[in-house]
Amino acid sequence: MPLVPALLALVSACGITDSGPARAGPPATGLPEPERPADVVHVYFSSPLGLERVSRLSRGPNSPQDALNRLREGPDEAERARGLISFVPRDAPAPTVTGQRRGGADVLVPSGWGTNRTALRQLVCTAADAVGTADGTPLGEVEVRVRRAPGGATDTQRCELPPGSGRGPVTPESNKGAETT
């Protein structure tokens, strides 16, 4: 039995004295702040199922004008491989956003666009998505006033998509071949 008290004394005396808190350096700072994610602009291309929303990394501040400029560029190679096409004329200038307000935008369509209804739907949905993203207005409630020539008549349009088509948040992995929803 004298061995048990000796072992207990040995185990309880680990060599650390009660000296209070010790200085250890500056406090922990955690992980570095991640860079602000890039802005995303959405454009609408045509597919056999109707209009499809495609996300692209924005080259500047996310605005309806930036979105319309990107729409005019058309689908990239990966998007074309998925069957996306554009009826927006590539050889005509991009439409110009002449005004923006909460829940709406005014767009001047340059000559050379013709009267293609799908191209007009692509334009309206792309502009409406950019306005709605900026101010929180639901896509179908954004009014896009389209004017075909300076001083010409204005036609107010809304982006009307069938349920489940072309909508929803998308996180692009890159500027090329971004996913659609």
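Select Asp106 and look across to strand E5: Asp106 stands opposite Arg145 there. Strands here are DSSP runs of E with at least two residues, helices are runs of H or I with at least four, and both are numbered from the N terminus. The model is predicted, with local features requiring pLDDT of at least 70 and side-chain atom pairs pLDDT 80 or more, while totals for chains, interfaces and linings use all residues. Residue numbers start from 1 along each chain as its sequence is written, and side-chain values use heavy atoms, leaving out hydrogens and water.

Next, select residues 104–108 and 143–147. These are strands E4 and E5, which run parallel and are joined by five bridges. Two strands count as paired if DSSP finds at least two bridges between them.

Widen the selection to the whole sheet. The sheet is open, has four strands in the order E3-E4-E5-E6, and its pairing is mixed. Strands E3 (96–101) and E6 (154–157) are at the edges with a single partner strand each, so one side of each has no neighbour in the sheet. On average, neighbouring strands are turned by 20° against each other, direction ignored.

Now go to E3 and E4. They run antiparallel, with five bridges between them, and form a hairpin with two residues between the strands. Click on Gly103 in the turn: its phi is positive, about 80°.

Select Thr96, which lies in E3. Its bridge partner in E4 is Leu108. Not counting residues up to four places away in sequence, Thr96 touches Gln65, Asp106, Val107 and Leu108; contact means heavy atoms within 4.5 Å. Is Thr96 buried or exposed? Thr96 is partly exposed, at 38% relative accessible area (buried is under 20%, exposed over 50%, partly exposed in between, using a 1.4 Å probe and protein chains only).

Then show the helices. H2 (residues 64–73) lies across E3 and E4, at about 145° to E3. H4 (residues 117–135) lies across E3, E4, E5 and E6, at about 135° to E5. Axes are lines fitted to C-alpha atoms, for helices over the stretch in contact, and angles between N-to-C directions run from 0 to 180 degrees.

Finish where the two helices meet. H2 and H4 pack at about 145°, with axes 8 Å apart. From H2, select Pro64, Ala67, Leu68 and Leu71; from H4, the residues they meet are Gln122, Leu123, Thr126, Ala127, Ala130 and Val131.
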